[in-house]
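Subject: Structure handover

Hello,

Here is the structure we talked about, with notes on what was found in it. Please look through it before reading on.

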Amino acid sequence: MSETYPWPDGHRAGLCVTFDFDGESPLLWRRRNDPPGEVAELEQRRYGPRRGVHTLLETLENTGVRATFFVPGTIAHTHRTAVAEIHAAGHELALHGWCHEPPTDLDAGELRDTLTRSADLLAEISGVRPTGYRSPSFRMSPEAFETLASLGLVYDSSVMGDDRPYLVGDLVEIPVDWATDDAVYYRYTGGGETRAPYGAGALYDAWRDELAGARAAGSLVNLTMHPWQSGRPARALRLRRLLAEAKEHGDVWIGTAGELAAHHRDRGVRAAGTLDVPLETLGWPL
Ligand SMILES: [Zn+2]
């Protein structure tokens, strides 16, 4: 597994910039049976679709980077104009449940129905049918991979089994990493049981290290961000600086998760020593 991954156009490493455009949907799903009688976290999360996403679209435009937005169906329904703007700016739209339901909370029929409904809506808004999926909260099951493939999707971006694209069953996996998830640094909704967020500078420093590591190893940095967290002005400034530096390096391929998945599938890059994980080996080993 020491072969260099064949990044497009001879680049040394890869960078995907992705956003989980969650808004309030995770809270709506989590508290679906006992809705809270207060608005604090709802309002904190609604900052994303109201304000944060627009700040981030400006950041992407300023740096010339195209990103992937994983959009729950209910957010596309409620914030249709913002989702249309994302598409019009050249970014990719992909699936993220209807109301941020992890596949582990659903049976196969429910997963199929929620994703079909979401794909229909994103296609209606953008004219393009999504080819990828990210599971809410990165929670996946072996059966979910089968369902995604049966829906004709090309890729998943939810698990962490390698640091470059690989195959899980019939799907291309564009792997994620907690180290490059903004929630680890920024997610704070009050209460004494969780810590206060790190500053934007701490995350910027950590992600610069991740980029240096990827350039040394020839691997992927898959940034996972949330507009309600990373869309705050000081944080967007640090992101802008990070993306500008990644471009300046000149040896980092930067593109959408869908483009990378198509590259992996179409170029037959398994020959370069990438992983091919059969579905039957994916679950609990008993
Ligand atoms: Zn999410």
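A residue is called buried here when its relative accessible area is under 20%, exposed when it is over 50%, and partly exposed in between. By that rule Asp34, with a relative accessible area of 39%, is partly exposed. Please keep in mind that this is a predicted model.

Salt bridges

How many salt bridges does the structure hold? The count is 15. Asp34 is in one of them: its partner is Arg31, and the closest N and O atoms are 3.3 Å apart. Arg31 has 30% relative accessibility and therefore also counts as partly exposed.

A second pair is Arg46 with Glu43, where the closest N and O atoms are 3.6 Å apart. Both residues belong to helix 2 and are separated by 3 residues, about one turn of the helix. Arg46 is partly exposed because its relative accessibility is 25%, and Glu43 is partly exposed at 33%. This pair is also part of a network of salt bridges that links Glu24, Glu43, Arg46 and Arg50.

A third pair is formed by the side chains of Asp266 and Arg265, with an N to O distance of 3.2 Å. Asp266 has a relative accessible area of 54%, so Asp266 is exposed. Arg265, at 48%, is partly exposed.

Zinc site

Which residues coordinate the zinc ion? They are Asp22, through two OD entries, His96 through NE2 and His100 through NE2, at 2.1 to 2.4 Å. The angles among the 4 donor atoms run from 56 to 138°, and the site is irregular. A tetrahedral label would need all angles to lie between 85 and 135 degrees. Along the chain, the donors follow the spacing D-x73-H-x3-H. The pair Asp22 and His100 links distant parts of the chain, 78 residues apart. Asp22 sits in the loop between strand 1 (13–20) and helix 1 (25–30), while His100 sits in the loop between strand 3 (92–95) and helix 5 (108–126).

Are these two residues, Asp22 and His100, buried or exposed? Asp22 has a relative accessible area of 4% and is therefore buried. His100 counts as buried too, because its relative accessibility is 6%.

Thr63 and its contacts

Thr63 is in helix 2, which covers residues 40–63. At 9% relative accessibility, Thr63 falls under the cut-off and so counts as buried. Which residues does Thr63 touch, if those up to four places away in sequence are not counted? The contacts are Arg240, Leu243, Ala244 and Lys247.

Nonpolar surface patch

Met160, Trp178 and Val184 make a nonpolar surface patch of about 260 Å². Met160 lies in the loop between strand 5 (155–156) and strand 6 (166–168). With 35% relative accessibility, Met160 counts as partly exposed.

Summary

To recap, the zinc ion has an irregular site, with Asp22 and His100 both buried. Thr63 in helix 2 is buried as well. Of the salt-bridge residues described above, Asp266 is exposed, whereas its partner Arg265 is partly exposed.

Regards

Technical notes:
Residues numbered from 1 in each chain as written. Predicted model: local features only at pLDDT ≥ 70, side-chain atom pairs only at ≥ 80, totals over all residues. Heavy atoms only, no water. Donors = N, O, S within 2.8 Å, 3.2 Å for Na, K, Ca; no water. Tetrahedral: all angles 85-135°; square planar, octahedral: opposite > 155°, others 65-115°. Helix = DSSP H or I, 4+ residues; strand = E, 2+ residues; numbered from the N terminus. Buried < 20%, exposed > 50% of the residue type's maximum accessible area, 1.4 Å probe, protein only. Patch = residues over 30% accessible without salt bridge, like charges linked within 9 Å, V, L, I, M, F, W, Y side chains within 5 Å. Areas by Shrake-Rupley, 256 points an atom, 1.4 Å probe, with all protein chains shown as cover. Salt bridge = Lys/Arg side-chain N within 4 Å of Asp/Glu carboxyl O. Contact = heavy atoms within 4.5 Å.
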